[in-house]
Amino acid sequence: MVHPPDRTDPRSPPSRSRRAFLTALSLAIAGMLGCGVEGNPDRASTVTVLYEADERLFGPVMPGESWFLMFLPLAEHDETGRLVGRLARSWEHSPDYRDWVLHLRSGVRWHDGQPVTADDVRFSIELMAHPDVRFETVWHDLDSVRVHDDTTLSLHYGRPRSNFLAWTVYWPRHHLEGRNPSTFYEWAFWTQPVGNGPYRYVRHVPRTMVELSANADFYAGKPAIDRVRIKFGSELSLVELLSGNVDIVTRVNTADLATLQGDGRFEIYRHVWPNIPWLLTIFWNHQNAALGDPGVRAALTHAIDRRALMRLLHLPDEYRITDVPFTERQYWRGALPKPLAYDTARANRLLENAGWVRPTAASVRTRDGQPFTLTTLLMPGGAQEQAVVFIQAALRRIGIDMQIQPLELGALAGAVRQRDYDAFVLPYFNHVDGHLGYLGGDTTRGDGNMWTPPVPGYSNVEVTRLLLAIEATADTTVIDSLYGDLAPLILADLPVTFLLPLDETAVVRRHIRGLRSPFRGNPLQSMDALWIEDDR
């Protein structure tokens, strides 16, 4: 159950037939091998994680959850969702959130024994903001960073900022200074890093595994789990779990959850950031003659049973459906406008009103002799792939032929930048930077990359005005009010269709303790807070 506090502040999956075969195979293997390895004394202080990555997992080209094994953020969200210090012991900010002072912990050391200083943080921030790097958007409008002493630095932003404390990590200046920023993403350091976090790099086997050991010099004390082995892969996750080869699978395929939920050897945890930063979303190309009509976009949204999609993906019923951007406070308090209901009759009426006719229940709708056919781009894998197949079936029921075009990440990025699509399904960044990129037409947000592309053909001057007003203030009451003013405009336009909140699902062997959904459900982020119990 998700009961958060009231707070103010590329790899294609197997085909269905192949997945079915693998599931059957995994169950057979599990039966032959018995109940697994919980009591194996040789593994009593070691945890093996199956992770969809490679040996670059501690660098900027991989998902950020693995960084926290090796490096410290300034702060983290605790199990209640509240922000608590990590590398920073405390911080303060000006009333307008433009000026920040960060006080770092003293006595934190890099894994080579050198002290971590404010100059390391300054160096990392300036590196991330370098024109050849442009790694983290939270530093793009930072006007200045000043080091006062080894544990104190101040930041000055050109606009209010409050979302940088828990999002990124920092690197050792003495190892990285002087390297060429233009090759930042290929630096060898990422595969043999020197960090300051709870675990130290030991070794790796390319495209196979990486091994870490507990940092005895960690500021919060040596972690209870002595050794972490991260095994790369995802396709055989069910086989690996049931046979006892791994203890944890992150981002488990939702198709496997039904098998695992009834198995007493495992616990399933869900992890979500308190501000719900990502929403799986359908991006419509408004330059398509049909999709430029908001009534048609409303019809497509009415045709999708989003609650049924959430249940298909094993998401909790407490997760909310929305048609508008929102703040963290609005989401957890339920202060969101009522979303468009699943209503195929209304969807059909809206399409007929727009001139799309359907002679028979089995035919594709046409207008002026042209069939209503859409091409939807898809980056295969996980919830996105299952969602697109679900949507395809939903639209077929109202007479729309949706073709699916799977693309690898590079090809998808190119098509998105060139606006060469009718629709695509990807995460939507639920923050004012994202909203300005998608809906405000500001291509500088997120460096204008594929993750924050403008919705083609969409423009609303009042939407842009409200988003700029949100960007210019840090008053949470004013921000909530501005989002309230934004909501009816977005409901009228429906520039995109929000499907569901994105979280991370991990399956963990029961003898590993310390995780808790929804804010401490990621084992890689929280490994130093976990321990092992023999529950035989």
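How much accessible surface does the chain have, and what percentage of it belongs to carbon and sulfur atoms? The total is about 21,700 Å², and 50% of that belongs to carbon and sulfur atoms. Keep in mind as you click around that this is a predicted model.

**The whole chain**

Start with everything in cartoon. You should find 15 helices and 22 strands. Colour by burial next: of the 536 residues in the chain, 56% are buried.

**The cores**

Now select L300, L374, L395, L439 and L499 and show their side chains. These are the residues that touch the most other members of the largest nonpolar core, a set of 79 residues. Centre on L300 and look past its sequence neighbours within four places: its contacts there are W284, L291, L374, L395, I398 and I400. Two of these partners, L374 and L395, are themselves on the list of residues touching the most other members. A separate core of 69 residues lies apart from this one; to locate it, pick L87, Y97, A118 and I125, which are among its members.

**The largest cavity**

Next, select E76, H77, H271, W273 and Q525. Of the 16 residues that line the largest cavity, these lie nearest its centre. The space inside comes to about 160 Å³. Highlight strand β2, residues 75–77, as well: with 3 residues, β2 gives the largest share of the lining. Colour the lining by type and you'll get 9 nonpolar, 4 polar and 3 charged residues.

**Helix α12**

Move to residues 409–417, which form helix α12, and show L412, A413, G414, A415 and V416, the buried residues of this helix. What do the buried residues of α12 pack against? Add β16 (373–378) and β18 (423–429) to the view, as those are the strands they meet. Then step just past the end of α12 to R419, where phi is positive at about 60°.

**Backbone oddities**

R419 makes a good lead-in to a few more backbone stops. Most residues other than glycine have a negative phi, and most peptide bonds are trans.

Go to D368, in the loop between β14 (366–367) and β15 (370–371). Its phi is positive, near 55°. Is D368 buried or exposed? D368 counts as exposed because its relative accessibility is 77%, and the cut-off for exposed is over 50%.

Now jump to L494, in the loop between α15 (476–493) and β19 (496–501). Phi is positive here too, near 45°. The surroundings are another matter: L494 has 3% relative accessibility, so this residue counts as buried.

For the peptide bond, zoom in on S517 and P518. The bond joining them is cis, with omega about 0°. You'll find P518 in the loop between β21 (512–513) and β22 (531–532).

**Last stop: T250**

Finish on strand β11 (residues 248–250), which holds T250. Why does T250 count as buried? Its relative accessible area is 7%, and buried means under 20%. To see what surrounds T250, select everything in contact with it beyond four places in sequence: V49, L50, Y51, E65, T505, A506, P523 and L524.

Methods. Residues are numbered from 1 along each chain as its sequence is written. This is a predicted model: local features need pLDDT of at least 70, side-chain atom pairs count only at pLDDT 80 or more; totals for chains, interfaces and linings use all residues. Side-chain values use heavy atoms; hydrogens and water are left out. A nonpolar core is a set of buried Ala, Val, Leu, Ile, Met, Phe, Trp, Tyr and Cys residues joined through side-chain atoms within 4.5 Å. Buried means under 20% relative accessible area, exposed over 50%, partly exposed in between (1.4 Å probe, protein chains only). Contact means heavy atoms within 4.5 Å. On a 1 Å grid over the protein atoms alone, a cavity is a set of points where a 1.4 Å probe fits but cannot get out, and a pocket is an open set with protein on both sides within 12 Å along at least five of seven lines; lining residues have an atom within 4 Å of a point. Grid points are joined across faces, edges and corners, and a volume is the space filled by probe spheres set on the points. Helices (H or I, at least four residues) and strands (E, at least two) are DSSP runs, numbered from the N terminus. Ala, Val, Leu, Ile, Met, Phe, Trp, Tyr, Cys and Pro count as nonpolar, Asp, Glu, Lys and Arg as charged, and the others, Gly among them, as polar. Accessible areas come from the Shrake-Rupley method with a 1.4 Å probe; for residues, only the protein chains shown count as cover.
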